Amino acid sequence: MNQRIAAACARVHRSVDDVTLIAVTKYVDVETTAQVLKHGILHVGESRTQQAVPKWRALSAKSGTQAEAYYDVPEAHWHFIGSLQTNKVKEVVGRFTTIHSLDRIALAQALHDQAMKSGVTVQAFIQVNVSGEPSKHGIAPDELPKFMEQLEAFSSVKPIGLMTMAPFDRSPEASRPIFRALRELRECWLDKLPYLSMGMSNDYEIAIEEGATHIRVGSQLMGGDSA
Ligand SMILES: *Cc1c(COP(=O)(O)O)cnc(C)c1O
């Protein structure tokens, strides 16, 4: 995996330091997630609170002695990558530093309120539905300026970049126009939105070539491809 990331970076003259690998651990248990951290991958992504919160409790030193007693693992950065209901926000804020699925103002409001209570700031990727598929979450690309303006009201939610999901296609190349469009959309916002969360097991190399700073890789990594 590291070699393939490095090769993709080299093809477009990027530094590997500019790409963060998020290990999506939603398919695996606490034990396996602990192994991922011990392996030195310190960014983990989860998409469902029911699974994610018990894992966080078991693996985060911040959760107290309970965890430290069982797992001696380095402290991870926890990314919430799935769609997030407002009633689940209180489970996420204070545990996950970064949300990849900010797609509506009501969610920004809920995140802000909870973050204020907890005395933290939530970093957020704005999810954009570049492909326009009705089944996908995310704002439409042309809604971004208005969305950014509305977000200014929520000081505890800090937008840091854009996120998208490409339609599933066996050919990774099919994702390229989607990733490129996300990068181009961000062009006018470089100072405020420096990061791009895009690329999964199937197409992360293409995403890196198109400027991804955060790739979210699950099945391929958990399938044992650690080369
Ligand atoms: C599951 C998931 C991933 C990882 O998908 P893989 O194809 O297993 O790499 C990435 N991003 C999101 C939002 C996901 O839900």
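**Exercise 1. Determine which exposure class lysine 136 falls into, and treat its salt-bridge partner likewise.**

Solution. Lysine 136 has a relative accessible area of 22% and is therefore partly exposed. The classes are buried (under 20% relative accessible area), exposed (over 50%) and partly exposed in between, with a 1.4 Å probe and protein chains only. The model is predicted: local features need pLDDT of at least 70, side-chain atom pairs count only at pLDDT 80 or more, and totals for chains, interfaces and linings use all residues. Residues are numbered from 1 along each chain as its sequence is written, and side-chain values use heavy atoms, with hydrogens and water left out.

The partner of lysine 136 is glutamate 133, with 3.1 Å between the closest N and O atoms of the salt bridge. A salt bridge requires a side-chain nitrogen of Lys or Arg within 4 Å of a carboxyl oxygen of Asp or Glu. Glutamate 133, at 26% relative accessibility, is also partly exposed.

**Exercise 2. State how many salt bridges are counted, and identify which parts the pair of glutamate 205 and arginine 4 ties together.**

Solution. The count is 10 salt bridges. In one of them, the side chains of glutamate 205 and arginine 4 meet at 2.8 Å, N to O. Glutamate 205 belongs to helix α9 (residues 204-209) and arginine 4 to helix α1 (residues 2-11), so the pair connects parts 201 residues apart in sequence. Helices are DSSP runs of H or I with at least four residues, and strands are runs of E with at least two, numbered from the N terminus.

Next, consider arginine 176, which forms a salt bridge with glutamate 173 at 2.7 Å between the closest N and O atoms. Arginine 176 is buried at 16%, whereas glutamate 173 is partly exposed at 42%. Both belong to a salt-bridge network that also includes Arg11, Arg180, Arg183, Glu209 and Glu210.

**Exercise 3. Identify which side chains and which backbone atom approach oxygen atoms of the ligand.**

Solution. The side chain of tyrosine 27 places an N or O atom 2.5 Å from a ligand oxygen. The side chain of serine 201 does so at 2.5 Å. A polar backbone atom of glycine 218 lies 2.7 Å from a ligand oxygen. The protein covers 89% of the 390 Å² of accessible area that the ligand has on its own, by the Shrake-Rupley method with a 1.4 Å probe.

**Exercise 4. Establish in which sense strands β2 and β3 run.**

Solution. Strand β2 (residues 43-46) and strand β3 (residues 77-80) run parallel, joined by four bridges. Within this pairing, glycine 45 has histidine 79 of β3 as its bridge partner. Pairing requires at least two DSSP bridges between the strands.

Note on methods. Polar contact = N/O pair within 3.5 Å; in protein donor to acceptor, adjacent residues only side chain to side chain.
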